[in-house]
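Good morning, and thank you for coming. Today I shall walk through one protein model, beginning with the whole chain and ending with a pocket.

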Amino acid sequence: MTDQSIESAGDAIADAALQDAPATPPVHEVSDEVVVRIEDLHKAFGDNEVLRGVDLNVCRGEVVVILGPSGSGKSTLLRCVNLLEKPTSGHIFFEDTEITGKKTDINKVRAQLGMVFQNFNLFPHLSAKGNVMLAQQKVLHRNKAEAERIAIEQLGKVGLGDRVDYRPAELSGGQQQRVAIARALAMNPHVMLFDEATSALDPELVRDVLAVMRELARGGMTMIVVTHEMGFAREVADHVIFMDDGHIVEQGSPKEVFDHPKSDRTKDFLGHIS
């Protein structure tokens, strides 16, 4: 995603972050270019095999939502995409570079893969602005003035323009998560990874974070999202994946997966959450 498209995605965020979900799905274009390719991915922790041969392609501009019960392997899959978890076997390609290759500079790749966690992982002694500046300076080697300008700009786009000097303890959970999103966006990522970004939030705070994510999708950001937010998946996803026991059990468009599930396991899962 270009700087210009990131900027266009963010222009409406400050307003949208405090509004209800739009009545119609965000409109965005999906290209045929595969930006993330996963082949026969396995991951085991000792004798516990968490991923059992996962294959997945993610195209540029696509929003992929991964659903499944706890322990199904969905978060482990996401963490393998930027090698926060090292696969036991298999291959992962990012923009035609095999990140599982021995000679790959994973730190260079990670700079292009923004990640937002369930827990905000903000530095408590830094302001919102300071949290967004830090990685820019350490990883991208931007000077202080440039990092500060971009931090203020990105915080404004997620509706926190009046909170740039607040420390995390002075912000609500939803505001802290939006700082984390601004921090990731400040790195100009090509892909955004969201790992249960709203699950630690009180229900009334979830809406604001999902609004930011909707606007990123509208602007064309490639996103892989692990979530339990079924409404978001129905509305925003181009591709929905249901995982169970380390496998992709079912996948397709939101209409296919939600309205016409083929697997009994998918039907059972959706039946218990609807």
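Of the 274 residues in this protein, 53% are buried. Please keep in mind that we are looking at a predicted model. The chain forms 11 helices and 10 strands. If we take the contacts between residues with a separation of 6 or more, 69% of them join residues that are 24 or more positions apart.

Let me turn to the sheets. As a reminder, the strands of a sheet pair through backbone hydrogen bonds, and the pairing may be parallel or antiparallel.

In what order do the 6 strands of the open sheet with mixed pairing run? The order is β6-β7-β8-β3-β9-β10. At the edges stand β6 and β10, the latter covering residues 247-252, and each has a single partner strand, so one side of each has no neighbour in the sheet. On average, neighbouring strands here are turned by 20° against each other, with direction ignored.

Within this sheet, we may look at one pair in detail. Strand β3, residues 63-67, and strand β8, residues 222-226, pair in the parallel sense over 4 bridges. Here V65 stands opposite V225 of β8.

Two helices deserve attention at this point. Helix α8, residues 203-218, lies across β3, β7 and β8, and its direction makes an angle of about 145° with β8. Helix α3, residues 74-81, lies across β3, β6, β7, β8 and β9, running at about 150° to β7.

Now to another sheet. This open sheet has 4 strands in the order β2-β1-β4-β5, and its pairing is antiparallel. Why is one side of β2 and of β5 left without a neighbour in the sheet? Both stand at the edges, and each has a single partner strand, so one side of each remains unpaired with a neighbour in the sheet.

Strand β1, residues 34-45, pairs with β4, residues 89-94, in the antiparallel sense over 5 bridges. In this pair, V36 has F94 of β4 as its bridge partner. Strand β4 also pairs with β5, residues 97-98, again in the antiparallel sense, over 2 bridges. There, F93 has E98 as its bridge partner in β5, and F94 has T97. The hairpin of β4 and β5 has 2 residues between the strands, and E95 takes a positive phi near 50° in it.

Helix α3 appears here once more. It lies across β1, β2 and β4, running at about 120° to β1. Helix α3 therefore has contacts with strands of the sheet described earlier, including β7, as well as with strands of this sheet, including β1.

Finally, the pocket. Rolling a probe the size of a water molecule over the atoms shows where empty space is left. The largest pocket has a volume of about 580 Å³. Its lining consists of 20 residues, and those nearest the centre are R110, M115, A135, R183 and M187.

Which element gives the most to the lining of the largest pocket? That is α5, with 5 residues. At least two lining residues come from each of α4 (106-110), β6 (113-116), α5 (128-139) and α7 (173-185). By kind, the lining divides into 12 nonpolar, 5 polar and 3 charged residues.

One link is worth pointing out before I stop. Strand β6 stands at an edge of the sheet of 6 strands, and β6 also supplies at least two residues of the pocket lining. Thank you for your attention.

Conventions: Residues are numbered from 1 along each chain as its sequence is written. This is a predicted model: local features need pLDDT of at least 70, side-chain atom pairs count only at pLDDT 80 or more; totals for chains, interfaces and linings use all residues. Side-chain values use heavy atoms; hydrogens and water are left out. On a 1 Å grid over the protein atoms alone, a cavity is a set of points where a 1.4 Å probe fits but cannot get out, and a pocket is an open set with protein on both sides within 12 Å along at least five of seven lines; lining residues have an atom within 4 Å of a point. Grid points are joined across faces, edges and corners, and a volume is the space filled by probe spheres set on the points. Ala, Val, Leu, Ile, Met, Phe, Trp, Tyr, Cys and Pro count as nonpolar, Asp, Glu, Lys and Arg as charged, and the others, Gly among them, as polar. Two strands pair if DSSP finds at least two bridges between them. Axes are lines fitted to C-alpha atoms, for helices over the stretch in contact, and angles run from 0 to 180 degrees between N-to-C directions. Contact means heavy atoms within 4.5 Å. Buried means under 20% relative accessible area, exposed over 50%, partly exposed in between (1.4 Å probe, protein chains only).
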